[in-house]
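Thanks for sharing this one. Here are a few notes on its charged side chains, set out point by point.

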Amino acid sequence: MPARRSRPRRASARALARASRAEAAWREFAASFTRIGMVLPAEPGLVAVEAAEGTAVLLLEPRQALTFTGKCRLRCLYGAVRLLGFAVASHHPGLPVFSPATHCALSLEALPGARPPAAALRQLRAAARAAMRSHRVRRPARVKVMARFSPDCAVVLLEHLDTPVTRFLLSHPPLSRFFEPQKKEESNFTPEHAVLASVGIVKCSPDCGLQVSESMCLALEELIQACCEEDEGVPVVLVCGPKNTGKSTFNRYLINLLLNRLPVVEYMECDIGQTEFTPPGCVSLSSVTEPVLGPPFTHQQMPSKMVYYGQTSCEQDTERYLDVVKYVFSYYKKEVPLIINTMGWVKGEGLLLLIDLIRLLSPSHIVQMDMCDWKVMPPLTSEHIHFSPGLHTKGKQQSKCKQLGVGSMESWRCPEGEDVSAPQHKLLYVHPEFPRAGVAGEVRVHSSILRDMSILGYLGHLQSPDIGAVLPLHSLVPYQVPFNAVALRVIHTDVAPSNIMYAVNASWVGLCCIPEEIRCQSEGPVLLTQTPICDCLGFGIVRGVDMEKKLYHILTPVPPVNLRLVNCLLLGNIAIPNCVLVGQQGIEGEIPYVTSDYNYSIMGSGKLRKKKQHLKRRFECDYP
């Protein structure tokens, strides 16, 4: 006799009330954790299962998000997820993801898709199972994930990530806990937390993630439409604003959104103090083809064009700065959209220099990031740029018809050949709404630390990808460069020729190529009298100078094919991070280039003043 199927029960009013109270209790519980600054436990519905050693499977329902700190390799097995604007689908390869506590935490969100017909549900379940099998997800994990599976969910594989760059970075004691959260509560460590921790990430409050304001959303929508349609030519987007208003995060988000639709995006770096793809002190033009899913030190790469300015501020030589920007911009071919990042120096002469920069680059769109309640900058409208004086350029005089009135218009004529038309651009306002926005002294990490990390990220490319242990820099074999093979120039100050080698030794140098042939009758060194504007092919450390053999010993990750083009070394005001010199491993006795016996009575040798107000903020991540 066949079993009798029971009719499904309707939820009673008591059950609905009980579920409602449970949901309200969860929200109050979560809110209490947020208020006291703890890491939130896993939300109901979050499925995180250990797939194998060092890997985990995550199931996210539509619109469900996971905000986290740490690092991992992410691969979408089924459905689609969004990470910092980039949509990751099953056809994408595994992507390295970096979310240190020093920066805005990343959020992984499941993207809703079109709901398939009921007949296709079995095929979709089979596809999800097959994807997990192909990546060797254990059967218990597959069973647990499929028990919560729905056609519009997303299944993500998270893997432990270990790269030469992160190994090198974490080998320095001050940065050894760099990817660990600053605040967490071990007593509330759930099984889901343990699974996520096994791959190197920790869940945190959504408030620590990117706060997309309404103005930011509207600006992004308009820019995406302009870049994809190109009705009025290829857009050139210039992003400007004061320090700590989120310009870099906005740029990464915009780049990732564009890469969802375009194969490549051009990016021009004009902020020499906080560069995105190169070590500090550079103006560069980069072709971005991969999503940007981490801070600058995680994606150091060789741009298509780069000039080493040699300082983190252009205040002392703004004319050379504009010349460098003009040189780099001349290589933009106007075939794909261009995003231009600018400095946070927007007061006084900094604002005047920004006006010069806008006139030079003629952007089609300007994204002005400023606070709602108090304005640091005037609105950079086309009229303001046209009539206001810059630091090195003059504004056009207002037409006399405006000054004399309508009745006098016929008596005034523009001089023949004078261009009175102002280049027009679309001005978009973005008002950041994250905590401490716009307060330069309230940044999570001091800018000098970020610059050091970019240099360390660049030096991390010296590490072998096949060797697990970190090789100390002093154990690597440097290149030998004859004195008379390269010209030498100190950018930021005047150095007597008799002291030039003292300045070069143990210094960070730009490896450049000047068009002139280096000719020297003697064995060198060859000293330039002026700083050239020339291509920079990379960077290196002069780890020694052999005065007898007339050789520079240079350590650099630049490939030999590019080193053959180097004929100029530029020494700027960018220093090797202290942790590289102080933390040399395997050294017995005195550490090279480091001394504790120093005569402070010598003229100009006083102790450096520590910025104590910044010490308490280093590596902080405040969880609201």
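1. Is R167 buried or exposed? R167 is buried, because its relative accessible area is 14%, below the 20% cut-off. Please keep in mind while reading on that this is a predicted model.

2. The partner of R167 is D162: their side chains form a salt bridge, with N to O at 3.4 Å. D162 is partly exposed, at a relative accessible area of 43%, so this pair joins a partly exposed acid to a buried arginine.

3. A second pair to look at is K426 with E222, whose side chains meet in a salt bridge at 3.8 Å, N to O. K426 belongs to strand β16 (residues 426-430) and E222 to helix α6 (residues 214-229), so the contact ties together parts that are 204 residues apart in sequence. K426 is partly exposed, with 40% relative accessibility, and E222 is partly exposed too, with a relative accessible area of 30%.

4. Then there is D535, which makes a salt bridge with K305; their closest N and O atoms are 2.9 Å apart. This pair links distant parts of the chain, 230 residues apart: D535 sits in strand β21 (residues 535-546) and K305 in strand β13 (residues 305-308). K305 counts as buried, its relative accessibility being 11%.

5. Do have a look at R63, R82 and E109 as well, since salt bridges link these residues in a network. How many salt bridges does the structure hold? The count is eight, and the pairs in points 2 to 4 are among them, including D162 with R167.

Terms used:
Residues numbered from 1 in each chain as written. Predicted model: local features only at pLDDT ≥ 70, side-chain atom pairs only at ≥ 80, totals over all residues. Heavy atoms only, no water. Buried < 20%, exposed > 50% of the residue type's maximum accessible area, 1.4 Å probe, protein only. Helix = DSSP H or I, 4+ residues; strand = E, 2+ residues; numbered from the N terminus.
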